[in-house]
Structure formats: C-alpha cells, structure tokens
Amino acid sequence: MKLKLFLISTVASFAATAMAQAAEVQLWRLDCGTIKVKDLSVFSDAYDYQGESRTLTDSCYLIRHDGDYMLWDTGLPAALLNAPLGDAAMNPTLAQTIPAQLEKIGVQPEKISTVGISHYHFDHVGQAADFPKARLLIGAADFKAFTADPAPFGLEPDLLAPWLKGGSKVETVTGDKDVFGDGTVTMLSMPGHTPGSYGLLVKLANTGPVLLSGDVAHFEKQLETENVPPFNTDRAESLASMDRLRHIAKTLKATLIVQHDADDIAKLPTFPKSAD
C-alpha cells in the first residue's frame, strides 16, 4: 500500500513539474501573398482540373515558444508587393510584407531566432533574407539544391543569400526535427514535392495540435484524389507524404492547414489574433 501511494505521489509530482515547465506556445497566421492560377490542371499529372482556375493563398506563420520566435516559411518576395495580376499561368502578388505585419504585434525582425522553411520554392523563401540573424532550418536535400546548376524549377538562390554566403547560421535537417527540444514544434519530413520538403506540427495548449502542410498538397482536394503536380520531384514520395500527412492529422485529431488553401487557413484566427 505504501509503495502504491509512493508511486502515485511520484507520478503526480512529475506531472506537476512537467506542467509547470511546459513552454507557452502561440501561433499567428500571416498573409504572405496570393497566387492566381489561370489553369489549375498544372497541379495534376493525371489531367484533372481541366478548365478550372483558382486563387491560392500564400500563408506563413509566426510561432512564439516562450521568449523565442520562429517563422515557418517566408512567403513571396517583397519585390512582388502590390504587383498587378497578369495573364500568365500563375500570377503572384503580395499585399503586405512580413516585417510590416510583425510591427503590428510589436515583434521586431531581430527577435526572430529561427526561420523554418518547408521547401525551396520562391513563394516559401521569398522574404527570408529580411531575417539574417536567424538560424535557418531547411531540409538538407533542398539546401543542397541551391548550388545546383541549373537551378531546379521555382528556386531562386538570391533569396537565401545570407545563409548561402556563410554569414548566417544554417542547420540542414534530415528526418524529423524537434525544433525546441520539448515536442511542441516539430518539422516533419515530407519529401516528394521537392527532395527535402517538410511539414510542421505545432502543439498548442488550447487549440490542440495544428499540422501545417508545406506543399504536400496545395488544396484539400488534392489529398482526397491524390493528384500530384507534374513539377514535383518524386511521385511515389509525394503520395507517401500525402498518406503520412493524413494519418498524422487523424491520429492526433490535429487541425490540418493546407497552406495554399483559403478554406484551410481560415481554420486559424485572422491576424493579428493568434491561436494558443
């Protein structure tokens, strides 16, 4: 009986300590651009979406882990600020920069200690260079692609110049990565769209787990029909990553956010409100 009481007391003590030491995590959804797609069939190598068009969001995210701030993806380049929408197959434009949005909640660019990148495409690394003091977290295979000749589709090396030139700290990632070492923010290996693509799992105390897709899919329908864009680097890996994303969301009962899907990002509060 004494042993049982001792074990119960010990477990309760450990639980209380863990709760007391748990990091406070907060998540903001930022507006990092819009992409008007004239011909949506470019997102399927199986000839789906013929004759359809769609406007994609280009969302990125600010995460506060106690006193540390992390950006997940950095959207379209600032050069596209107020760019007019043309008549090309894909037409990107940016309504406001990340620093301008951070200013609204009193976060200076210097406070961003980590920039996590889902993959190397220009619409996800566009404003990274505005945070040269931050540690860059990026898939090892994707970072290697920045030195490839010729550069892969959608990759613009100048956008990561502070890290490519060696002046800023970069940490390349293989496999999953526990960003802060306590399980609250985890980069999840999701290759296929690019060789080193990642999603992000953020565990919030009140909202629960939030799963950010990167570009495993560009809109929810792709996950249902398993449509793979022809510009993905590996079809089999793309399908496997879709399956992993769905499975994690179901297992954890997570809020799944497909980052380019306007309906999905609306599951999170509109900036400057946050989820916690």
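# Reading the model: a guided conversation

Guide: Let's start with Arg-235, which has 39% relative accessibility and counts as partly exposed. Please keep in mind that this is a predicted model.

Visitor: Why does Arg-235 count as partly exposed?

Guide: Buried takes a value under 20% and exposed one over 50%. Arg-235 has 39% relative accessibility, so the label partly exposed follows. You will find Arg-235 in helix α7, which covers residues 235–252.

Visitor: What does Arg-235 touch, not counting residues up to four places away in sequence?

Guide: Arg-235 touches Asp-45, Glu-226 and Val-228. A contact here needs heavy atoms within 4.5 Å. As for Phe-143, the C-alpha atoms of Arg-235 and Phe-143 are separated by 20 Å, with the two positions 92 residues apart along the chain.

Visitor: How do you know what confidence the predicted chain has, on the pLDDT scale?

Guide: The mean pLDDT of the protein chain is 92, and 92% of its residues reach 70 or more. Residues 1–20 are another matter: pLDDT stays under 50 there, and the model has 0 contacts for them beyond four places in sequence.

Visitor: What makes Trp-163 count as buried or exposed?

Guide: The cut-off for buried is under 20%. Trp-163 has 3% relative accessibility, so it counts as buried. Trp-163 lies in helix α5. Leaving aside residues up to four places away in sequence, Trp-163 touches several others, among them Ala-128, Phe-131, Leu-136, Phe-143 and Val-170. Its C-alpha atom and that of Lys-133 are separated by 9.7 Å, and these two residues are 30 apart along the chain.

Visitor: What is noteworthy about phi of Tyr-47?

Guide: Phi of Tyr-47 is near 65°, a positive value in a residue other than glycine. Tyr-49 also has a positive phi, of about 65°, although it is not a glycine. Tyr-47 is placed in the loop between β1 and β2, and the loop between β1 and β2 is the place of Tyr-49 too.

Visitor: Which label, buried or exposed, does Tyr-47 get, and why?

Guide: Exposed asks for over 50%. Tyr-47 has 67% relative accessibility, so it counts as exposed. Tyr-49 has a relative accessible area of 5%, under the 20% limit, so Tyr-49 is buried.

Visitor: What kind of peptide bond joins Asp-149 and Pro-150?

Guide: That bond is cis, with omega about 5°. Pro-150 sits in the loop between α4 and α5 (161–164). The peptide bond from Phe-271 to Pro-272 is cis as well, with omega near 15°, and Pro-272 is in the segment after α8 (262–265).

Visitor: Which residues touch the most other members of the largest nonpolar core?

Guide: Leu-30 and Ile-112 do, in a core of 28 residues. Elements that give two or more residues to this core include β1 (25–37), β2 (54–65), α2 (98–104) and β5 (112–116). The largest share, 3 residues, comes from β1.

Visitor: What does Ile-112 touch, not counting residues up to four places away in sequence?

Guide: Ile-112 touches Leu-62, Tyr-69, Leu-71, Leu-102, Val-107, Phe-131 and Ala-134. A second, separate core has 21 residues, including Tyr-61, Trp-72, Leu-212 and Ile-265.

Visitor: How many cavities of 30 Å³ or more does the structure hold?

Guide: The structure holds 1 such cavity, and about 40 Å³ of space lies in the largest cavity. Why call this space a cavity? A cavity is where a 1.4 Å probe fits but cannot get out, whereas a pocket is an open set. Residues lining the largest cavity include Met-190, His-193, Asp-215, Asn-232 and Ser-241. By class, the lining of this cavity divides into 3 nonpolar, 5 polar and 1 charged.

Visitor: What volume does the largest pocket have?

Guide: The largest pocket has a volume of about 240 Å³. Among its 15 lining residues, Ile-35, Met-90, Phe-122, Asp-123 and Phe-153 are the closest to its centre. β4 (90–93) and α3 (122–125) each supply at least two residues of this lining.

Visitor: Which classes make up the lining of the largest pocket?

Guide: There are 8 nonpolar, 5 polar and 2 charged residues in the lining of the largest pocket.

Technical notes. Residues are numbered from 1 along each chain as its sequence is written. This is a predicted model: local features need pLDDT of at least 70, side-chain atom pairs count only at pLDDT 80 or more; totals for chains, interfaces and linings use all residues. Side-chain values use heavy atoms; hydrogens and water are left out. pLDDT is the predictor's confidence in each residue, from 0 to 100. A nonpolar core is a set of buried Ala, Val, Leu, Ile, Met, Phe, Trp, Tyr and Cys residues joined through side-chain atoms within 4.5 Å. Buried means under 20% relative accessible area, exposed over 50%, partly exposed in between (1.4 Å probe, protein chains only). Helices (H or I, at least four residues) and strands (E, at least two) are DSSP runs, numbered from the N terminus. On a 1 Å grid over the protein atoms alone, a cavity is a set of points where a 1.4 Å probe fits but cannot get out, and a pocket is an open set with protein on both sides within 12 Å along at least five of seven lines; lining residues have an atom within 4 Å of a point. Grid points are joined across faces, edges and corners, and a volume is the space filled by probe spheres set on the points. Ala, Val, Leu, Ile, Met, Phe, Trp, Tyr, Cys and Pro count as nonpolar, Asp, Glu, Lys and Arg as charged, and the others, Gly among them, as polar.
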